[in-house]
Amino acid sequence: MQRLVLIFAIAIAASTSIAYAASLNVGSWHLWAGAQTLTKATCTLSGTTSTTDTYVDEKNPATTAGGSTTLSVGPKTGQRTWAFVRFDLSSCSIPATGGADSATLNLRITTAPASTRTLDVTPVLSTWDGTLTWTGAQALTYGSNFATITTGTTSNVTKSVTVTADIDALIKNGGANFGWRISEASSVTNVTTLFGSAENATAGNQPQLVVSYEK
Amino acid sequence: MKLLAKILGLALAVAATFAACGAAASLALGSQALSAGNASVTTCGVASLSTTRSVDNSGNFTQIVVSSVPAACAGETLSVTLVNGSGGPLGSSSAVVPAGGGAMTFSGFGTVSATSLMGFEYAVAGA
């Protein structure tokens with residue numbers, strides 16, 4: 001009887017081995033698995049080193065205002081003023097493979113209009129600098145308005161605009177856009193909103209871009 | 001009696017052996033799952049993958065582009081999983097690597113905040 005059990009056990013062990021050996025030759029497969037971890041950080045830009053801004057004046061179409069301490073936005077037909085602002089992201093050292101999680105443009109109203117205004121924020125898709133004129137601004141390429149600023153009538157307040165998509169695109173392609181135009185549709189109303197510029201002596205009045213990014 | 005025991009033992013051994021071989025044969029012929037056996041596993045030439053992802057203006061993830069997928073992986077399945085800070089999945093997508101490999105775009109992960117996205121996991125599998 002002991003021999004019977006022994007023979008039975010050997011037979012089971014042998015059959016198991018044969019099955020395992022057979023599975024080794026089932027076939028050939030490709031398999032690769034990997035992971036990528038993202039690093040998060042925040043970069044804040046302001047001041048003349050990283051900011052280019054100006055405004056243009058319809059009444060003085062050849063005049064430049066790149067050194068002005070304020071940026072004017074006004075709707076009066078024939079006297080419109082548009083503000084322009086953009087940032088150089090290079091000091092943030094974000095690789096082109098990175099991206100923005102969020103980006104906020106902060107503009108400080110130093111002189112509010114007498115009546116509240118709704119200003120359009122429009123991406124600028126062709127390059128410009130502080131020598132931009134009204135005439136030059138007509139030749140620029142613009143994207144679609146994607147946000148507005150409601151000014152209110154109180155001076156020395158900061159208005160924030162979410163610009164995540166534009167900054168994300170800019171991180172991936174340095175020529176994707178060239179900041180934004182702040183403007184208002186033409187009207188008979190003679191009111192002006194003044195924002196602090198990068199040349200403003202008060203740091204808190206300067207345009208600011210806050211970028212939370214990943215790389 | 002001894003002779004009977006030997007015969008019986010031999011019969012059992014033969015039966016068990018053939019049963020095991022039968023199971024192995026059916027595994028080889030019918031199974032396409034990697035977990036079914038100890039198959040020979042190699043890669044299709046992937047050493048690493050890098051991803052560029054895009055967001056909308058609300059900060060929600062919209063798509064990712066996985067670049068430099070080796071041409072040798074054509075026909076195999078590339079899977080991408082978005083993970084949060086705890087390594088938990090936020091969404092996943094997969095597609096067959098096209099002929100020539102290259103860049104592959106994945107979207108349709110649902111609403112995922114870019115802020116919560118802390119990494120990607122990849123897998124390339126195929127026969």
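**Group meeting: a walk through chains A and B**

Hi everyone, let me open with chain B: among its contacts with a separation of 6 or more, 59% are accounted for by residues 24 or more positions apart. In chain A, taking contacts between residues at least 6 apart in sequence, 83% join residues at least 24 apart. Please keep in mind that this is a predicted model.

On confidence, chain A has an average pLDDT of 90, and 87% of the residues score at least 70. There is one stretch to treat with care: over residues 13–26 of chain A, pLDDT stays under 50. The model has 30 contacts beyond four places in sequence for that stretch.

Now the inventory. Chain A contains 3 helices and 12 strands, while chain B comes to 1 helix and 7 strands. If you read chain B along the sequence, the pattern is α-β-β-β-β-β-β-β, with the helix ahead of the strands. As for burial, 40% of the 215 residues in chain A are buried. For chain B, 22% of the 127 residues count as buried.

Let's look at the sheets, starting in chain A. Five strands make an open sheet here, ordered β3-β5-β10-β7-β8, and the pairing is antiparallel. At the edges sit β3 (51–57) and β8 (147–150) of chain A, each of which pairs on one side only. From one strand to the next, the twist averages 25 degrees. Inside this sheet, β7(A) and strand β10 (residues 180–183) of chain A run antiparallel and are joined by 4 bridges. Which residue is the bridge partner of A:Asp120 in β10(A)? That would be A:Ser183.

Chain B has an open sheet of 3 strands in the order β2-β3-β6, again with antiparallel pairing. Its edge strands are β2 (50–55) and β6 (102–107) of chain B, and each pairs on one side only. Neighbouring strands of this sheet are turned by 20 degrees against each other on average, direction ignored. Strand β3 of chain B covers residues 61–69 and is joined to β6(B) by 5 bridges, the two running antiparallel. If you want one pair to click on, B:Ile64 has B:Phe106 as its bridge partner in β6(B).

As a quick reminder, strands of a sheet pair through backbone hydrogen bonds, either parallel or antiparallel.

Next, a helix. Why is α3 of chain A described as largely enclosed by the rest of the structure? Because 7 of the 9 residues of this helix, which spans residues 164–172, are buried. Those buried residues are A:Thr164, A:Ala165, A:Asp166, A:Ile167, A:Asp168, A:Leu170 and A:Ile171. And what do they pack against? In chain A, the buried residues of α3(A) pack against β6 (99–111), β7 (118–123), β9 (157–162) and β12 (208–214). They also pack against β2 of chain B, which we just met as an edge strand of the chain B sheet.

Finally, the core. In soluble globular proteins, nonpolar side chains tend to be buried together. Here the largest nonpolar core has 63 residues, and the members that touch the most others are A:Trp82, A:Ala83, A:Phe84, A:Ile182, B:Val66 and B:Leu78. Both chains appear in that list. Let me zoom in on A:Ala83: leaving aside residues up to four places away in sequence, A:Ala83 touches A:Tyr55, A:Leu71, A:Ser72, A:Val73, A:Ile182 and A:Phe195.

That's my tour, so thanks for listening!

Methods: Residues numbered from 1 in each chain as written. Chains lettered and ligands numbered in written order. Predicted model: local features only at pLDDT ≥ 70, side-chain atom pairs only at ≥ 80, totals over all residues. Pairing = 2+ DSSP bridges. Axes fitted to C-alpha atoms, helices over the stretch in contact; angles between N-to-C directions. Buried ≥ 20, exposed ≤ 12 C-beta atoms within 10 Å, placed from the backbone. Contact = placed C-beta atoms within 7 Å. Core = buried A, V, L, I, M, F, W, Y, C linked by C-beta atoms within 7 Å. pLDDT = per-residue confidence, 0-100.
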